[in-house]
Amino acid sequence: MLLFSGALRHDKAWAKYSDPLLRMSFWAMARQFPSMLAMIGRIAWREDPRALVVLVAAQLASGAMSAFLLVATNQVLVHLFAGGPTPDKLREALPALLLGGASSAGSVLLGCLIVQVEGRLYPKIELSCRTAYYGMMTRVEMSAMEDKDIHRQLALGQYGTDSVRRMLSSSVWIISGLMSLGAAAVVLATLHPLLLAALLLIAAPRWWGAVVVMRRAYASQHAWIDHRRATDVLLWPITRAGATPELRVHGAGRLLIHAQEDMGRTAAAEKARLARAEARTEVVTAAMSGTARILAYGLLWWLLVVGGMPLAAAGTAVLAIRNATGYLNQIVSQLNRMCEESLYLTDMNNSIKLGAQHAIPDHGAGVEGEGVEVVLQDVTFRYPGAERDALQGVSLTIPKGKVVALVGENGSGKTTLAGLIAGLYLPTAGTVSYNGVDVREANRESVFDRVALLPQDVDCWPMTVRANIHIGDAGRPLDQEKIEAAAERADIRTVVEKLPHGWDSIAVKDFERGVRLSGGQWQRIGVSRAVYRERDLLIVDEPTAALDPKAEIDMFDSLRSFTDDGVTTVLLITHRLAATANADVIYVLHDGRLIEHGGHADLMALEPGHYRTLYEMQARQYQQYQDAPVPGPRPPADAVKNGGER
Ligand SMILES: Nc1ncnc2c1ncn2[C@@H]1O[C@H](COP(=O)(O)OP(=O)(O)OP(=O)(O)O)[C@@H](O)[C@H]1O
């Protein structure tokens with residue numbers, strides 16, 4: 001728990017969801033069955049109507065076969081317990097025996113058909129739910145993703161993506177179980193109505209127990225959701241082929257393993273608690289159900305001895321009770337499972353609804369005109385859950401076709417400002433406009449369509465090098481020539497073409513054809529991606545951190561050349577102030593405020609000037625080393641010591 005300062009249990013978050021979901025009674029859940037059935041039926045129908053029809057028909061037929069089997073067994077018993085010579089009794093029982101055999105064979109064949117159809121239908125359903133859920137996640141506003149309550153609810157939805165498949169499978173079992181149970185109930189009711197009541201008495205405790213266990217498991221899942229997510233992300237870096245070297249050298253691997261053991265123990269304690277509680281519930285359930293069963297057999301005994309029930313009928317009743325309790329258990333456990341899954345599915349549906357509420361708008365005014373001018377007026381921004389503003393009252397203009405530099409110390413708000421300029425975040429106060437269109441009112445797709453991003457940390461996608469560049473403009477068809485030209489411009493083309501599998505090399509080592517690219521090479525892939533995207537506003541955040549000095553100079557020259565067309569704007573965020581000297585405008589941020597702006601010469605003329613101080617500090621570093629004499633070899637430690645004594 002060291003890594004997360006304690007257990008990641010969320011009682012408060014749980015309380016929010018417990019009311020609507022956990023107070024569901026078994027009957028409320030059973031009442032929901034038809035609507036659940038309709039919902040999953042709709043999804044299955046949309047994906048593969050033929051498969052759904054075959055599946056339902058096969059299950060119904062299978063249920064009918066079980067009913068035939070019971071009726072046939074009853075007939076066989078009636079004939080066997082009747083008076084007369086055994087060969088005659090056997091001959092008379094033969095048609096019923098054959099019917100029973102045919103029913104069993106039919107059940108087996110239908111079972112094979114069901115397995116096949118399920119294999120065809122279920123993956124389609126799962127895929128469709130996954131696409132709906134993850135598709136929604138890609139459209140959610142960044143600020144919503146960073147709000148921990150919203151994010152938790154959104155993340156919960158992922159456990160429901162295969163719930164429809166499981167619910168469909170359960171509902172199919174429930175329907176066939178209900179048919180078989182119906183047959184057994186009819187047989188019992190015909191023999192004696194009291195036997196039906198006994199059957200319900202046997203079933204009721206089982207239902208109750210199953211609901212209690214399921215609700216407890218669901219509550220636990222909600223309360224420990226963050227713990228589960230944290231354990232997953234904790235282990236993920238260990239399995240990567242290019243796992244961070246700190247895992248080994250700093251002993252971080254040991255720390256992570258101990259942490260996961262620690263977290264695993266907490267999770268195991270929770271599982272053990274659930275298992276103990278389940279065992280306690282099971283004892284109570286089994287005791288109640290067992291008592292009811294004894295009563296049922298007692299009733300049968302009484303009917304045999306006092307009520308004059310024939311032995312064959314009693315035999316059938318025993319069989320029917322045994323079968324019916326089996327079917328009941330099947331129905332209860334499947335209905336229970338279905339209800340549990342429906343809770344996860346409800347989570348997924350809620351996530352999708354919540355995601356839609358926080359979706360990036362794809363309607364509104366479009367950004368028109370060639371090139372863009374971005375104007376920020378009195379912009380203030382605070383991250384969700386943060387205690388202070390990351391930006392305060394920032395007003396500035398990013399003109400069309402110019403190089404604009406954003407500078408300032410770490411944490412001064414440069415990346416945040418770039419995010420607002422790119423339309424990734426909306427200001428808490430003030431406005432950001434593109435060619436006069438307020439981003440808040442704009443169709444954000446049309447804003448994004450004007451921007452190419454080269455972020456501080458280039459995304460290293462586990463796919464081919466070619467796809468890693470094409471993903472920069474994924475909405476358009478792949479253009480190999482353009483990819484090669486972009487790579488050429490970022491000076492990475494030769495490196496890629498010399499890889500054993502060239503453009504088809506996969507950019508992570510864990511895969512077949514995998515290669516390991518260096519930090520600088522990744523940065524160049526990132527540049528190629530942004531070049532390939534070819535948009536009006538190129539936002540570049542610390543583009544040279546991983547580049548060697550020559551590459552760094554080339555990169556800044558190359559960035560400047562993007563504006564040669566008089567349309568493309570380059571917004572450059574960098575700590576290397578030598579590179580900002582020839583920017584057209586420099587904006588200086590300090591503690592979230594814009595404190596200076598102008599050309600390099602204007603800013604150097606300010607007295608006192610923040611930019612000037614930063615610039616001179618950097619320049620002095622180089623000067624200091626230039627002026628210092630080249631150090632000779634260090635004297636041996638003894639000599640220093642003796643020299644010191646003299
Ligand atoms: N996603 C976030 N959620 C909450 N606070 C954030 C988030 N990102 C940044 N911040 C905070 O906002 C402030 C500005 O951060 P930002 O990343 O914009 O600074 P920066 O100038 O780009 O820094 P650097 O030079 O180190 O990259 C910092 O105090 C940071 O802690």
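In the predicted model, Asn435 is placed in the loop that runs between β4 (429-434) and β5 (437-438). Asn435 adopts a positive phi of about 45° although it is not a glycine, and the residue counts as partly exposed because 18 C-beta neighbours fall inside 10 Å, where 20 or more would be needed for a buried residue. A second non-glycine residue with a positive phi is Glu534, for which the angle is about 50°. Glu534 sits in the loop between α18 (519-533) and β7 (537-541), and, with 14 other C-beta atoms within 10 Å, Glu534 is likewise partly exposed.

The helix that precedes this loop, α18, comprises 15 residues and extends 21 Å from its first C-alpha to its last, close to the 21 Å expected at 1.5 Å a residue. Twelve of the 15 residues of α18 are buried, so the helix is largely enclosed by the rest of the structure. The buried positions of α18 include the arginines Arg524, Arg529 and Arg533, together with residues such as Ile525, Val527, Val531 and Tyr532.

The chain is divided into domain 1 (29-238 + 247-357), domain 2 (373-450 + 535-646) and domain 3 (459-532). The centres of domain 1 and domain 3, taken over C-alpha atoms, are separated by 49 Å.

Helix α4 (residues 86-138) contains 53 residues, which at 1.5 Å a residue should span 78 Å, and the distance of 74 Å between its end C-alpha atoms agrees with this expectation. The helix nevertheless bends by about 45° at Leu94, where a proline, Pro95, follows within four residues. The buried residues of α4 are Ala96, Gly100, Ser103, Leu110, Ile114, Val117, Leu121, Tyr122, Ile125, Cys129 and Met136. An α-helix has 3.6 residues a turn, so residues three or four places apart point the same way.

According to the unreviewed UniProt entry, the annotation "transmembrane region" covers residues 52-73, 93-115, 172-189, 195-214 and 299-321. In the model, the span 93-115 is 100% helix and 0% strand, and its end C-alpha atoms lie 33 Å apart. Over residues 299-321, by contrast, the chain is 78% helix and 0% strand, with the end C-alpha atoms 12 Å apart.

Gly63 belongs to helix α3 (residues 49-81) and counts as buried because 24 C-beta neighbours lie inside 10 Å. Although Gly63 and Ser176 are 113 residues apart in sequence, their C-alpha atoms are 4.4 Å apart in space.

The residues around the ligand are Glu146, Tyr383, Ala386, Ala390, Gly408, Asn410, Gly411, Ser412, Gly413, Lys414, Thr415 and Thr416. By class, this shell holds three nonpolar, seven polar and two charged residues. The largest share of the shell, three residues, is contributed by helix α13 (residues 414-421). Seven of the eight residues of α13 are buried, so this helix is largely enclosed by the rest of the structure; the buried residues of α13 are Lys414, Thr416, Leu417, Ala418, Gly419, Leu420 and Ile421. Just after α13, Gly423 takes a positive phi of about 85°.

Further along the chain, Ser558 is found in helix α19 (residues 549-561) and is partly exposed, with 16 other C-beta atoms within 10 Å. Ser558 and Tyr159 are 399 residues apart in sequence, and their C-alpha atoms are 47 Å apart in space. Ala601, which lies in helix α21, is exposed because 8 other C-beta atoms are within 10 Å, a count that falls under the limit of 12 or fewer for exposed residues. The separation between Ala601 and Asn582 is 19 residues in sequence and 9.5 Å in space, C-alpha to C-alpha. A cis peptide bond, with omega of about -5°, joins Glu607 and Pro608, and Pro608 is located in the loop between α21 (600-605) and α22 (610-627).

Note on methods. Residues numbered from 1 in each chain as written. Predicted model: local features only at pLDDT ≥ 70, side-chain atom pairs only at ≥ 80, totals over all residues. Helix = DSSP H or I, 4+ residues; strand = E, 2+ residues; numbered from the N terminus. Expected span 1.5 Å × (residues − 1). Bend = angle between axes of the 7 residues up to and from the residue. Near = placed C-beta within 6 Å. Nonpolar A, V, L, I, M, F, W, Y, C, P; charged D, E, K, R; others polar. UniProt positions renumbered as here; feature names shortened; annotations may be inferred. Domains from an automatic or database assignment.
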